[in-house]
Amino acid sequence: MNKSYHHHLPIVATLGVVYGDIGTSPLYALKQCFTGTDLPLNEATIFGVISLIFWVLMLVVTIKYVALVMRAHNDGEGGILSLLALISHRRLRFVSTQTLIALGLIGAALFCGDTLITPAISVLSALEGITVAAPEFNRYVLPSSIMVILGLFFIQSKGTDRIGGLFGPIMLIWFIVIGGLGVWHIWQNPSIIKAINPWYGIDLACSHPYKILPLLGLVVLCVTGAEALYADMGHFGARSIRFSWLGLVGPSLVLNYFGQGAALLHHPQALENPFFFLVPKQYALVMVGLATVATIIASQSVISGLFSLCSQAIQLDYLPKMRIVHTSAQHFGRIYMPTVNWIVCIGVLAMVLIFKDSDHLAAAYGLSVSGVMVITSLLSIVAMLRIFRWKVWTVLLSFGILLLLDCTFLAANGLKFFNGGWMPIVIAVIVWGMMHIWHTHRKRIADHHRKASLTFSQFFQQHDLEKIFRSTGTAIFLSKDIDHIPLTLLKHLEYSSSLALQVIALTIQSHTNPWIPKKERIFVQRFANGLIQVVIHYGFMQQPKMAKIMKLMQKQAVDVHIQNTTFFLLRTVPAHGAETSALKSIKASIFRFMLRNTTSAAHFFEIPQQRAVELGVAFNLK
């Protein structure tokens, strides 16, 4: 891994981004385990539920993600698309590449569905806490949640770097406080510590066999956000993430859940809101404020994660180009995507207005989370067997057992499908469909352009550059194909019968590696009569910008300056043909819509508009 591109931030900063989501799950998880299943509230069920929560945290987060999944990295980067990029270009005997790509895209799409629900349920849960101290404020929870969510999305354009310095310390305070509250109530009723024994969870399953599956569908709420540990590994470093979980986050969450269980043993009325029942009434409003800030940070973590995922998807050509704003000069991963931001904002507000409270949202939550967990396990198994060369028995004893647990959670959450669980699935299907349609049609267009173009040898056989009129300056023709002359060059030559004195065929290639070092990033080949081929290599975590690309060319003795350079870009114009089926017609219409709304190549690569020329090429989508 090229370490120069990674800024492994301090452990305190890790708390603010990586653990925001899972760190606020005590606000609603235990409450939903009882209210969502109608379990009787007695000592046996309290011990059983707390035992299940404890062991799910240990197995899913500590064992699966912290100890195992983080070993399946792509040159230090984690996350669904990063893992997909690692294994999709390898030849695998027992599974097709297309199956792996489909799984990876489904996982990415499910993460998008999760992103719409996390801010909604987190903010609602925090503000509902005010009703513990002042029930009359209940009617203000919904409008207050809308205002907080709107504010959250409005500040995205400022960049998390400006407020990021506050995130880590606030979450540090949050984890210390919730852990301390848990210790205080455990001290009052230390018998709850016995719930560490897994037998209490097993006994609960045996005594309530018809309710255990729905219960597991709600217990999984305690590990929402666990995927962030893996997704943010490249930015923060595996060591910081592991140390933070084992040293503070994990113990604080366990102590708080045990504290809530201890409170329920002697105060059944605490079930109305067990988290805020731990807080002395005189500090309830202060805790609501801290919880609201913590949920904003939790929401920020999934929004930032979605920006990162969409950026990777664009580089891997699974989404159309969209404007990407880098909000930090120090930390590469801090980006803002206006289009994604406002689409997600509308989606989150819709979740709040449709479900209205955290209890109803909990029914919709979990299915997408468990789906992502299953896909992560499957892709990790493939990576461990074929890339990292683990022994089959080692993989079966580790990931195999955890995959069964993930599948159990998926089945349990499947029971909630008609109670709201359909919502994130519908969102995921839409996102997956768009990624699939975009990638498929883009590949067809690339194949079409390749057939319409010429190889370099064919070009020189058919065109004598010495007999072509040459104008002053430099012309850069962009292309995605390294082996063929850019189609824009051929079209320009056809229309104008002239070329600039210096012609550069520029290909920008995005790779399945996350980072490409500077010394390996450029390839220059000079032909006769002022024709130069330049190939620029970028990883999927890097953003190619024309100013930096031109500096790389200058270092390779290519005389190029922005003031006398014209950039020729290709714009594909889909022709309206007679599609052979209704499904193909729908796909073609969706692709046309995406193509019309994609950011231009000039804007994406930050090419000055006055220096860019677009040449249109018609393409039949049939």
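Guide: A helix axis is a line fitted to C-alpha atoms over the stretch in contact, and angles run from 0 to 180 degrees between N-to-C directions. Helices (H or I, at least four residues) and strands (E, at least two) are DSSP runs, numbered from the N terminus. This is a predicted model, where local features need pLDDT of at least 70, side-chain atom pairs count only at pLDDT 80 or more, and totals for chains, interfaces and linings use all residues. Residues are numbered from 1 along each chain as its sequence is written, and side-chain values use heavy atoms, with hydrogens and water left out.

Visitor: Why are α6 and α17 called oblique to each other?

Guide: Helix α6 covers residues 97-128, helix α17 covers residues 338-355, and their axes cross at roughly 55° while coming within 8 Å. The cut-offs are under 35 degrees for roughly parallel, over 145 for roughly antiparallel, 65 to 115 for roughly perpendicular, and oblique for the rest. The angle of roughly 55° falls in the rest, so α6 and α17 are oblique. Their crossing is right-handed, the term for a near helix turned clockwise from the far one by less than a right angle (anticlockwise makes it left-handed).

Visitor: Which residues meet where α6 packs on α17?

Guide: From α6 you get Thr115, Leu116, Ile117, Pro119 and Ala120, and they meet Val344, Gly347, Val348, Met351 and Val352 of α17. Contact here means heavy atoms within 4.5 Å. That patch has eight nonpolar residues, two polar and no charged.

Visitor: What makes a residue nonpolar, polar or charged?

Guide: Ala, Val, Leu, Ile, Met, Phe, Trp, Tyr, Cys and Pro count as nonpolar, Asp, Glu, Lys and Arg as charged, and the others, Gly among them, as polar. So Thr115 and Gly347 supply the polar pair between α6 and α17.

Visitor: What about α8 and α16: why are they called oblique?

Guide: Helix α8 (residues 141-154) and helix α16 (residues 284-315) pack at about 45°, with axes 11 Å apart. That angle fits none of the parallel, antiparallel or perpendicular ranges, so α8 and α16 end up oblique. α8 passes α16 in a right-handed crossing. Val148, Leu152 and Phe153 of α8 touch Thr292, Ile296, Ser299, Gln300 and Ile303 of α16. The split for this contact is five nonpolar, three polar and no charged.

Visitor: And what makes α21 and α25 roughly perpendicular?

Guide: The axes of α21 (residues 422-452) and α25 (residues 582-596) come within 10 Å and cross at roughly 85°. That sits inside the perpendicular range, so roughly perpendicular is the label for α21 and α25. α21 brings Met434, Ile437, Trp438, His441, Arg442 and Ile445, while α25 brings Lys587, Ala588, Ile590, Phe591, Met594 and Leu595. By class, that is nine nonpolar, one polar and two charged residues.

Visitor: Why is Thr572 called buried?

Guide: Buried means under 20% relative accessible area, exposed over 50%, and partly exposed in between (1.4 Å probe, protein chains only). Thr572 has 13%, so it counts as buried. Thr572 lies in strand β7 (residues 565-575). Leaving out residues up to four places away in sequence, Thr572 touches Ile445, His449, Leu595, Val617 and Phe619. Ile445 of α21 and Leu595 of α25 also belong to the contact between those two helices.

Visitor: Why does His561 count as partly exposed?

Guide: Its relative accessibility is 34%, between the two cut-offs, so His561 is partly exposed. His561 lies in the loop between α24 (546-555) and β7. Beyond four places in sequence, His561 touches Met550 and Gln554. His561 and Met550 are eleven residues apart in sequence, and their C-alpha atoms are 7.6 Å apart.

Visitor: How do you know that Cys112 makes no bond with Cys310?

Guide: A disulfide needs a pair of cysteine sulfur atoms within 2.5 Å. The closest cysteine sulfur to that of Cys112 is in Cys310, at 5.5 Å, so the pair is too far for a bond. Cys112 is buried, at 11% relative accessibility. For Cys407 the closest cysteine sulfur, in Cys222, is 18 Å away, again too far. Cys407 is partly exposed at 36%. Searching the whole structure turns up zero disulfides.
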